[in-house]
Amino acid sequence: ISLSTSFMGLAWSPDGTTLYVSGGNNKSKEGVRAPVYAFAYDGNRLSDKPIRELAESVAPDDIYWSGLAHHPSQPLLYAANRTAGNIVAFDTAKGEIVTRIPTEVNPYDLVLSPDGARLYCSNWASDSVSVIDTASNRVVATIEVGDNPSDMILAKDGRLFVCCANDNSVVVIDTARGRAVGTIITSLHERAPEGSTPNALALDPESETLYVANADNNNVCVVDVEDAAESAVLGFLPAGWYPSALGMSPDGATLYIGNAKGLASSANIRGPHSPLPDGEEGKGTTK
């Protein structure tokens, strides 16, 4: 399904009948506000077009939708607005804005606790995670993490894992105590310089194995996190080019990897200014 704008951010309604999609920003069209799209889901298919759009009323230049999270029992969709530095809460039944919750700089990903009482937001440019009380819609704590926090995932025991893309690390937060309690190094070597770019996470159903996409290493780091007191890197799975999204099947048997730049790099012998005659070989494909 083609969209005029989109970015990182997907969220299901609790009943599984609606998928919400982040609209990113719309710098290419002056005066046009990027929305959050809503698609119907029925018979194992999404609707061909959005059935509704949730819109912000501020100026288009102040909109850049990112992470989304839907409350488990209330008609509330939380949408991170990177440019404005806040989280917009939408009433999904009425399609109206309920409130705006200020965060640190550049809110990126959102994760809700299972009961919906706490909302966690990774702040890209502040190296922090905001903790939000959803009853009062206000930030009740700010937890310092590593550089460029991005994707997050919550384990069954309340540990929050936070990818820190510029630190080759995943920071572990004890949400009960409200502080970071550990760091997992995801690079091939513990003392490797920054550049692995861990940016996506997945957990097995029992929250015993953590999978971390190392985008710039083209691999997935596999970590034993069964023991909350001590994590251990087990190894690395080769992936495609720049893995940036991970998903785990409900039975834990299959790991899905989204590769942002494709399967692999390849020769481009007929690129710009090439003296070779026209031909199909070398046009960015592998045989």
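How many salt bridges does a search of the whole structure find? The search finds five. This is a predicted model. The notes below cover three of the pairs, including the one between glutamate 56 and arginine 100. They then turn to a patch of negative charge on the surface, two residues other than glycine with a positive phi, and the surroundings of serine 128, proline 107 and serine 187.

**Salt bridges**

- Glutamate 56 and arginine 100 join through their side chains in a salt bridge, with an N to O distance of 2.7 Å.
- Glutamate 56 sits in the loop between β5 (52-54) and β6 (65-70), while arginine 100 belongs to strand β9 (residues 96-102), so this pair ties together parts that are 44 residues apart in sequence.
- The glutamate 56 end is buried, because its relative accessible area is 3%, under the 20% cut-off.
- The arginine 100 end is partly exposed, at a relative accessible area of 36%.
- Arginine 118 forms a salt bridge with aspartate 133, and their closest N and O atoms are 3.0 Å apart.
- Here strand meets strand: aspartate 133 lies in β12 (residues 128-133) and arginine 118 in β11 (residues 118-123), so the pair ties together parts that are 15 residues apart in sequence.
- Aspartate 133 is buried, with a relative accessible area of 17%.
- Arginine 118 counts as partly exposed, at 31% relative accessibility.
- Aspartate 157 and arginine 159 also meet in a salt bridge, at 2.8 Å from N to O.
- In this pair, arginine 159 is the buried residue, with a relative accessible area of 7%, whereas aspartate 157 is partly exposed at 47%.

**Negative patch on the surface**

- Which residues gather in a patch of negative charge on the surface? They are Glu208, Glu226, Asp227 and Glu230.
- Aspartate 227 is located in the loop between β20 (219-224) and β21 (232-238).
- Aspartate 227 is partly exposed, with a relative accessible area of 42%. That value is over 30%, so aspartate 227 passes the accessibility cut-off for a patch.

**Positive phi outside glycine**

- Asparagine 148 has a phi near 60°, a positive value in a residue other than glycine.
- Asparagine 148 is placed in the loop between β13 (138-144) and β14 (149-154).
- Is asparagine 148 buried or exposed? Asparagine 148 is buried, with a relative accessible area of 16%.
- Serine 207 also has a positive phi, near 60°, and is likewise a residue other than glycine.
- Serine 207 is found in the loop between β18 (198-203) and β19 (209-214).
- Serine 207 is buried, at a relative accessible area of 8%.

**Buried residues in strands**

- Serine 128 is part of strand β12. Its relative accessible area is 0%, so serine 128 counts as buried.
- Beyond its neighbours within four places in sequence, serine 128 is in contact with Glu104, Cys121, Ser122, Asn123, Thr142, Ile143, Glu144, Val145 and Pro149.
- Proline 107 lies in strand β10 (residues 107-112). Proline 107 is buried, with a relative accessible area of 0%.
- Which residues touch proline 107, leaving aside its neighbours within four places in sequence? The contacts are Ser66, Ala80, Asn81, Arg82, Gly85, Asn86, Cys121, Ser122 and Asn123.
- Cys121, Ser122 and Asn123 appear in the contacts of serine 128 and in those of proline 107.
- The C-alpha atoms of proline 107 and glycine 252 are separated by 30 Å, and the two residues are 145 apart along the chain.

**A buried serine in a loop**

- Serine 187 is in the loop between β17 (179-185) and β18.
- This loop residue, serine 187, is buried, with a relative accessible area of 6%.
- Apart from neighbours within four places in sequence, serine 187 is in contact with Asn168, Ala192, Ser196, Asn217 and Phe236.
- Serine 187 and threonine 197 are ten residues apart along the chain, and their C-alpha atoms are separated by 8.7 Å.

Note on methods. Residues are numbered from 1 along each chain as its sequence is written. This is a predicted model: local features need pLDDT of at least 70, side-chain atom pairs count only at pLDDT 80 or more; totals for chains, interfaces and linings use all residues. Side-chain values use heavy atoms; hydrogens and water are left out. Patches are made of residues with over 30% relative accessible area and no salt bridge: like charges are joined within 9 Å, nonpolar side chains (Val, Leu, Ile, Met, Phe, Trp, Tyr) within 5 Å. Accessible areas come from the Shrake-Rupley method with a 1.4 Å probe; for residues, only the protein chains shown count as cover. A salt bridge is a side-chain nitrogen of Lys or Arg within 4 Å of a carboxyl oxygen of Asp or Glu. Lys and Arg count as positive and Asp and Glu as negative; His and the chain ends are not counted. The place of a charge is taken as NZ of Lys, CZ of Arg, CG of Asp or CD of Glu. Helices (H or I, at least four residues) and strands (E, at least two) are DSSP runs, numbered from the N terminus. Buried means under 20% relative accessible area, exposed over 50%, partly exposed in between (1.4 Å probe, protein chains only). Contact means heavy atoms within 4.5 Å.
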